[in-house]
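Trainee: Before I rely on the labels attached to a model, I would like to see how each one follows from a value and a cut-off. Could we go through them together?

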Amino acid sequence: MSEFEVVIGLETHIQLNTQSKIFCGCKADSWGDPPNTNICPVCTGLPGVLPVLNRSVVEKAVLLAAAMHAVSIQPISYFARKNYFYPDLPKGYQISQYDEPLARGGKLDLPMPDGSSRLVTITKLHIEEDAGKTVYQNGKRLIDFNRCGVPLVEMVTGPDLRSADEAAQYLIRLRQLLRWLGISEGDMEKGQLRCDANVSIRPIGAEKLSTKTEIKNLNSIENVRTAIQAEVERQIREVDSGKTIGAWTLTWDEDSGTLAKMRTKETEADYRYFREPDLLPIRLDEKWCEEILAHLPELPLERRARFVDQYALPLYDAEILTDERSLSDYFEQAVSFYDGEAKVVSNWLMNDVLRMIRERGVRAESLRLRPKHLAEIIHMVEEKVITTSTGKAMLEKVEESGRNPSEIVEEEGLAQVSDDETLRSLASEILSANPEQVTTYKDGKTTIIGWFVGQVMQKTQGKANPQMVKAIFEELLSKDD
């Protein structure tokens with residue numbers, strides 16, 4: 001392996017989350033629906049029908065192009081027919097874009113877990129329709145056309161990735177960006193993000209690209225990582241044994257963990273592209289483009305850097321809080337309601353609120369525990385109105401009821417017990433009832449004081465001020481008998 005450099009480029013197909021398909025009114029998201037129930041004459045390619053472009057497809061694709069720092073978003077782009085014959089492609093061609101795509105160029109900064117980074121270039125971004133799905137069942141080949149006409153964005157990277165881990169990290173960052181923009185869920189298992197990997201090796205120091213193979217339709221990030229690594233190892237074995245790498249299209253069998261040859265790799269000439277005669281060009285005038293880009297949010301890496309600078313958060317915190325846009329917005333709103341250090345809010349979010357989010361399988365924006373509620377709970381804990389344990393329990397109470405924390409504290413009598421006379425009386429009772437523990441403490445095992453504090457907390461149902469209780473016990477236990 002040390003004698004070779006790995007060169008990887010990825011082609012990703014991103015399913016846009018529009019309500020309807022790209023050229024007809026059929027429902028776009030048909031995951032889990034019965035086969036062939038979301039189809040019409042347009043998406044099944046019946047004679048005499050005409051496609052009509054879905055405006056939302058263009059708008060979501062432009063947002064992605066801008067987020068990927070496209071060198072140019074084309075004011076005029078054209079559709080083309082990509083001709084090939086698959087059982088699940090009813091027209092015998094796919095409406096795509098070829099020589100005049102929606103956007104050219106671009107990049108994605110790719111921070112790696114080890115602190116290094118990789119700049120991945122984008123050669124082009126174009127929109128197209130999806131094909132159907134072939135299912136093999138009981139020795140038969142069954143066709144489901146539900147996916148025909150689902151809108152896709154295809155992005156092609158340059159040969160910039162140098163390992164299977166880098167390829168996986170690219171997909172993780174891309175999926176994060178898609179969800180951040182709100183244009184796709186990017187769920188690979190549902191086919192919302194699909195990846196083809198072009199893989200080659202070359203001697204270290206060589207500049208000329210070697211013959212590449214293509215691994216098709218990998219359906220999880222882990223499969224991308226494993227399949228690429230397997231192909232790299234296969235190519236090295238071939239070269240070491242004096243063989244030549246063939247330009248093959250490969251398929252990955254997840255169950256057996258093996259690669260198999262599908263066919264020789266097609267060239268662009270095989271697809272016989274020509275301009276789509278049934279569709280006008282996309283004319284993206286300046287006004288329309290400005291309206292679209294007005295919805296472009298601050299991007300994840302930019303917000304991560306700002307969180308470190310503006311809120312003095314550790315990079316670790318900022319990374320977690322900007323993993324998902326809804327959580328990031330939640331954090332900033334909670335900070336706006338809180339007049340202390342942002343790190344305190346971050347701690348509550350990462351230690352407690354994130355657990356609630358994951359247990360419920362929701363996003364932060366869906367919580368009934370609103371940012372102002374979280375800020376109020378933190379204030380009450382810091383002002384010793386309630387104990388920390390009561391505050392943590394309060395998160396669940398607010399989430400279940402949607403009520404204000406102060407109302408719950410008042411109605412349920414959850415306010416912290418800080419009355420010195422009451423706490424001293426309880427402490428004296430416990431000391432009188434437990435002479436053995438008192439002797440243990442006075443013999444030098446002072447850590448047992450935690451046990452004494454726990455007894456008071458138990459009697460007050462967790463409402464006693466633990467700092468006051470500890471100080472009272474220390475005072476009482478320090479006195480001579």
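**From values to labels**

Mentor: Let us start with an opening in the surface: in this predicted model, the second largest pocket has a volume of about 550 Å³. It is lined by 18 residues, and those closest to its centre are Arg179, Ile320, Asp323, Glu324 and Arg358.

Trainee: Which elements give two or more residues to the lining of the second largest pocket?

Mentor: They are helix 2 (164–181), helix 6 (315–321) and helix 8 (342–360), and helix 2 gives the most, with 6 residues. By class, this lining has 7 nonpolar, 2 polar and 9 charged residues.

Trainee: What makes the space lined by Cys43 and Tyr93, among others, a cavity?

Mentor: The word cavity is kept for a set of points where a 1.4 Å probe fits but cannot get out, whereas a pocket is an open set. A search of the whole structure finds 1 cavity of 30 Å³ or more, and about 40 Å³ of space lies in the largest cavity. Its lining consists of Cys43, Leu89, Pro90, Lys91, Tyr93, Glu129, Asp130, Ala131, Cys148 and Gly149, which by class gives 6 nonpolar, 1 polar and 3 charged residues.

Trainee: Why is the contact between Phe23 and Phe79 called an aromatic pair, and why edge-to-face?

Mentor: Two rings pair if their centres lie within 6.5 Å, and planes over 60 degrees apart count as edge-to-face. The rings of Phe23 and Phe79 are 5.6 Å apart centre to centre, with 75° between the planes, and both labels are met. Phe23 lies in the loop between strand 1 (4–15) and helix 1 (55–67), and Phe79 in the loop between strand 3 (76–77) and strand 4 (80–83), so the pair ties together parts that are 56 residues apart in sequence.

Trainee: How do you know that Phe23 and Phe79 are buried?

Mentor: Buried means under 20% relative accessible area. Phe23 has a relative accessible area of 5% and is therefore buried, and Phe79, at 3%, counts as buried by the cut-off too.

Trainee: What labels do Tyr84 and Tyr86 receive, as a pair and one by one?

Mentor: Tyr84 and Tyr86 form an edge-to-face pair, with 4.9 Å centre to centre and 75° between the planes. Tyr84, at 16% relative accessibility, falls under the cut-off and counts as buried, while Tyr86, with a relative accessible area of 35%, is partly exposed. Both belong to one aromatic cluster that is formed by Tyr84, Tyr86, Tyr98, Tyr271 and Tyr273, and a search of the whole structure finds 10 aromatic pairs.

Trainee: What makes Arg275 count as lying over the face of Tyr78?

Mentor: The charge has to be within 6 Å of the ring centre and within 35 degrees of the ring normal. Arg275 lies over the face of Tyr78 at 4.0 Å from the ring centre, and Lys91 lies over the face of Tyr93 at 5.5 Å from the ring centre.

Trainee: Why is the protein called more spread out than a compact globule?

Mentor: The protein has 15 helices and 17 strands. Its radius of gyration is 30 Å, well over the 23 Å that the globule rule gives for 481 residues, so the protein is more spread out than a compact globule. Along its principal axes the C-alpha trace spans about 100 × 55 × 50 Å, and buried residues make up 47% of the 481 residues.

Trainee: What makes the phi of Arg272 and of Ala312 worth a remark?

Mentor: Most residues other than glycine have a negative phi. Arg272, although not a glycine, has a positive phi of about 45°, and Ala312, likewise not a glycine, has a positive phi of about 55°. Arg272 lies in the loop between strand 15 (258–264) and strand 16 (274–275), whereas Ala312 is in the loop between helix 5 (300–311) and helix 6.

Trainee: Why do Arg272 and Ala312 carry the labels they do for accessibility?

Mentor: Exposed means over 50% relative accessible area, and partly exposed covers the range between that and 20%. Arg272, with a relative accessible area of 46%, is therefore partly exposed, while Ala312, with 62%, is exposed.

Note on methods:
Residues numbered from 1 in each chain as written. Predicted model: local features only at pLDDT ≥ 70, side-chain atom pairs only at ≥ 80, totals over all residues. Heavy atoms only, no water. 1 Å grid on protein atoms, 1.4 Å probe; cavity = no way out; pocket = protein on both sides within 12 Å on 5 of 7 lines; lining within 4 Å. Points joined across faces, edges and corners; volume = space filled by probe spheres on them. Helix = DSSP H or I, 4+ residues; strand = E, 2+ residues; numbered from the N terminus. Nonpolar A, V, L, I, M, F, W, Y, C, P; charged D, E, K, R; others polar. Phe/Tyr/Trp six-rings, centres within 6.5 Å; stacked < 30°, edge-to-face > 60°. Buried < 20%, exposed > 50% of the residue type's maximum accessible area, 1.4 Å probe, protein only. Rg over C-alpha atoms; globule rule 2.2 N^0.38 Å.
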